[in-house]
Amino acid sequence: MSKSFAIVLSFILLPVFALADVHSYFDLRNDSFVSPDFEGSDRPNYQMVGARVLTTSASKESFVVDVSGSVAVGAPIMNYFTANQLYFDSAPTEKSKLIFGRMIHSWSDMDDRWKTGLIQPVFKWNPLSPETQGLTGVFWLQDKGDWEVTLYASPIFLPDQGPSFDLDNGQFVRGNPWFHRPPESIRILSEVVKIDYQFQKPNESQIILQSNYGAQAILHPKDAKYRFEFMHVYKPMNQIVLGYDGFYQIPKSLGVVQLEPATYYHSVTGLQGQIGDEKIRAVYSILYDRPDTDAKFESKWTYPTFDPAFIHSLGFDVGNLKRKLSLGYMRVSGGDVTETGELADPTRPSISMHYPYREAWQVSYFQRFSLPRGQSLEAKMSYKRSPLNEFEILDLNAEYRLSALWSFSAKGSLVAASDLSFENQNEISQFRNNDQVMFGATYAF
Amino acid sequence: MRSRFQLLITIVFAFYFIGCDAYLHDKKMAPEVLELKSTKFDCLKAVPEDLKAFSTGAGEEKKISASIGCVQTALQYFSERTKGSRENGYTAEDLRSFFGKYLLKENNVTPEFAQSLYKLKVAFFGGDQEVMTREELARLISVLEVFKTQSVALAPHMKILVFQAKGKVNLDEVTAAAEQLRKSLQVLLRVVDLSRSDYSFESLKVLMSGLSQFIQGSGQVGLYSDIRSWVPLVEAVKNVFIGQKTSINGISDWSDVVNNMVDLYGVTIRIYYFGNSVNFSNPSDVKRATQLGNQLLTMVENSYQMKRTAAIPLEDLDNLIDQMVEMKLLTFISKKAIKDTYKILLSGMFDPVRRGETRGLVDFNREHLATIRREFNIYLLGQNFVDSLPFDEKGYADRKRILAAYQQFDLRKAISESFHLENIEASAMKAAWEDLGLLLNQPRQIQFDMENRILVQAQGDLYPYTWKSMTWWNLLRTFARLFQLGYGNRDSLNIAQSEISEAMFAKWYDDFNTLGVEIKAFDPRGANGGKRSFKEANFFMYSSDGTGGVSYRESFEFVSFLFSAGFKNVSDIKTMAEKFGCANEAGELDVFGNLRLNEKCLKDALKRNFSRVFPNLPGMAADVRKMSAKSWDYFYANLMAASRGSDPRTGTVETGDIRTMTMILHYVESLIVTFDVNQSDTLDVAEVKLAAPRFRDFAKPSVHPEFLQPWDGFVDDCFANMVVNGAKPDFWAVLKFQAQKALDREATRTSMLRVFSTLKEALKTPSK
């Protein structure tokens, strides 16, 4: 899907480049997995060659683009391409916008802050560091001073963009450390045998051509230091759901597992309140996520069912463009994912997930240092921890801007997590040995 | 500014790298494993035990239902969760591989057994012998539903069906069990395609062999442990009733075969539960025995092979006997004896044409069967008559009442209601009824006491008739009919008119010698020859006339004497002797395998207990009671001189001696009660001469010189002289006797015994 999507985008981008104030970047970086227990792939080091095209945030152009791609040397399975935003504003005024395309919009602080993919899809090439992608469709935004309205509708649905994987001869190819491979073996009558996966590739149009809509109303009187928001979306869940069914192939002594992706609709309704201003603010969001319960699989298949959930999020930000301290807490109440079917196992977490974790708090600090001769250094440290899901992530980013053309970056990401279990379902534990150090250089042109 | 930057960098990196170690050493991810649950197979563990309990009659209906339900569920799950080598099904190897690996680790199904199961699959559901499709598996599951219902219905009867019922089992329960088996099998037959298949017994044998091996290997014991050893017997039975290479086509034929097999099984369980207890002491026992006989005959008549080919090859019957002996179902008799005997019966008694010729006898055919059926019906008719007799409250009836009942018996009704016969068979029944009347109307009728001993007394009417004695009478009458049928001349179609010649008597003895010796009825030393028996039947019965052959009446009386004296009285003497400690102390056995008896002891015990062991000879018992010791010595000496076959110097008496002794006592008493007209308890010369005609042919050759043509009166005098004087006379002795006969001479039992003693050698040799 991603290849065809990239080709289409390429054709779209050419005229965009011509019209918009775009910046292009070329980067080289080295990703190293440093944990001695790293087991995500056979090699710990990857050299990536990438490019990014985006319009500046200050730009008032009708076209907005933020696309990027990267090629891993010698590891094509790590290649990616993403278009986080790509849209055209047909009425670019201050008060009214009619947007066609993929646009990142702030539907909820919870979604923006935690990047759970609840409302807007996320690009999860690296699931520990997801990037928000926009919904794709038609947006109508009205700013009436004290209040704003956003309406969204679309016949198109683009789900989360996860890491690439490949299936060779019934086995998920080992190579992408960010792809969590499903179980390799199956126990049949106390004997454990290898699994031969049969992935039933979905009809892409069936996935993509699914209508969805949303609306948001924001009340923020001028000069007031509070802000209320209400939003509601009805759309397919951004997480692709996997149904599966297994049988034993007697002559080959193999367990055959058929995988079939599907999408479930859900509606998300949210309320949000904020006090403060741009320099210091506190935000509380509560969202009610109600997935559809209609089964999409044959009764003998094993598939997940999703319970409704309330998601609470509290955020506190203080700072400016030079430095910023952020604190956050989120909690999912309800929202259990339970598998039903012959292969379901109450002692094992579901293969499909809806929330990357159920609870977390986070603290992050950003500082920008201005150096002589127009040089600068940006550093960001963040620490995320979940007592409930028993994980910790410590990130450190530093970017040294040598000139307008050249910059160098370094990043470290450390993860610690407990075992996955039915009670402790989260996405982080799967990558607890993917502790990573990255160094890179970027050239802007 | 610079210092803040440096501080921040320092703090960050210090914090970062100090904490690194905790982050970098996470545990490796445990490999995740999916699981195809085995819970639906778990219940299979209990299935063998439940099926074993079911098959031994100990199964509970709920458990059986649950077990078969479990098999259904497991098969359904298997069908859904596995794929075989073929697109839509499984080869035998697939199943072997799966079950061998996961469920039958200790004892897998052999390739041959797996192929057998597939053959059975084809027989039941059709299709390819190489593959079992999912549709066939689904059908099997649905058939199991029927099987479950029928198993539940059979469960209460299983104890009886598998020979495990303890305690008292009544006939109704046995019949109900067999009928439920029939019903269940017929229902099952209709849900499978067996009737359209060409499934052979050879295939079944391989299947059973595999099953046996499989079950033995799995440690199961009991009913199935020696299943393989029963296969040849089952095959032999199948060959008899169905045929060796018979093709069974269509549901109707299969239904017949199933009925046939259930009939056979029903008979088997009846024999098992009641066979050993059949006696002729009460009406219900006899009714049960006759029902069983009727069931057996009907089963053979309705057997698939008999219906199709009108015959059962003797080769198959021989094989069945071989297998029964092999399985130790027949232990007291050799297979040669059985085979020889049944062929003699077929060629003699039951073949209207052969007259005992066994050459070319290759099958048991419909004619044989018809003869057996006729004789069985004749026996039943007689028994119906006995059952209808008007016994009083004590269970007695006198001769007058018996004869009146015979006259009043509604023969036509009895024949039409009980036998549903065609006209020609009805005629045969009427003729047999007249024969029965002939025996009943004899001046001196055969009569038995309560212990089935033949009553030999001067006034026969004094002792009442009972149901038991008349039943025994009817049974012996049937034996006599068969004897007459087998060895009598066939010039007359009427049994009552037929006679058995001396030669045929000898043939009878020869025919049954092997069997007789094996069942210890005949002396292996040949002491009781057929020709001797002929003379006994011709001389010493009530109806004996001493001439020609043995008539139906003589035959009946002979059989009655033989069975009475030969069994009950002999048995009583032996019991008495053992009670008095007469058994040989050295433990020496005679040719029958019994302990020899100390003669002196026996002689004393017999004197003291004569009336106890011979209550059926009241006249003789009274006579013995009155005897002095000296008289008893003389009596006993003559008796043993006539009876003894063993060496007198041993001081012991053996079984053969006692048998002969018992018969001789009966014969003496028979002569006394027949000819003691004046009821003096002895025979005077006139009475002896009344008896003489039957002995004329025997007495004649003793007259010398031969040129003298003896006339009847002279011969009778010879005989009278012999009886009265106790010695075989010559010419001059007879002349002397002519002078003496005016004197008041009498023949006592002792003197008659002396004649037996004297003529012992002559009795052994054939008359010219």
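Q: In this predicted model, which residue is joined by a disulfide to B:Cys43?
A: A disulfide is a pair of cysteine sulfur atoms within 2.5 Å. The sulfur atom of B:Cys43 has a partner sulfur at 1.9 Å, so the pair meets that cut-off. The residue that carries the partner sulfur is B:Cys70.

Q: Is the disulfide of B:Cys43 and B:Cys70 right-handed or left-handed?
A: The handedness follows from the torsion about the S-S bond. For B:Cys43 and B:Cys70 this torsion is about 90 degrees, so the disulfide is right-handed.

Q: How many residues apart are B:Cys43 and B:Cys70?
A: B:Cys43 lies in the loop between helix 2 (39–42) and helix 3 (47–55) of chain B. B:Cys70 belongs to helix 4 (residues 61–81) of chain B. The disulfide therefore links distant parts of the chain, and the two cysteines are 27 residues apart.

Q: Is B:Cys70 buried or exposed?
A: A residue counts as buried when its relative accessible area is under 20%. B:Cys43 has a value of 34% and is partly exposed. Its partner B:Cys70 has a relative accessibility of 5%, and therefore counts as buried.

Q: Is the disulfide of B:Cys582 and B:Cys601 right-handed or left-handed?
A: The sulfur atoms of B:Cys582 and B:Cys601 are 1.9 Å apart and form a disulfide. The torsion about their S-S bond is about -65 degrees, so this disulfide is left-handed.

Q: Which helix of chain B holds B:Cys601?
A: The disulfide partner B:Cys582 is in the loop between helix 25 (552–579) and strand 11 (597–598) of chain B. B:Cys601 is 19 residues apart from B:Cys582, and the pair links distant parts of the chain. The element that holds B:Cys601 is helix 26 (residues 599–613).

Q: What pattern do the disulfides of chain B follow?
A: The count over all chains comes to two disulfides. One joins B:Cys43 to B:Cys70, and another joins B:Cys582 to B:Cys601. With bonded cysteines counted along the chain, the pattern is 1-2, 3-4.

Q: Which residue in strand 15 of chain A stands opposite A:Ala217?
A: Strand 14 (residues 212–219) and strand 15 (residues 226–236) of chain A pair in the antiparallel sense over seven bridges. The two strands form a hairpin with six residues between them, and A:Asp223 in the turn has a positive phi of about 70 degrees. Opposite A:Ala217 stands A:Phe230.

Q: Which residue in strand 18 of chain A is the bridge partner of A:Arg227?
A: Strand 15 of chain A also runs antiparallel to strand 18 (residues 265–276) of chain A, and 11 bridges join them. In strand 18, the bridge partner of A:Arg227 is A:Gln274.

Definitions and conventions. Residues numbered from 1 in each chain as written. Chains lettered and ligands numbered in written order. Predicted model: local features only at pLDDT ≥ 70, side-chain atom pairs only at ≥ 80, totals over all residues. Heavy atoms only, no water. Pairing = 2+ DSSP bridges. Helix = DSSP H or I, 4+ residues; strand = E, 2+ residues; numbered from the N terminus. Buried < 20%, exposed > 50% of the residue type's maximum accessible area, 1.4 Å probe, protein only.
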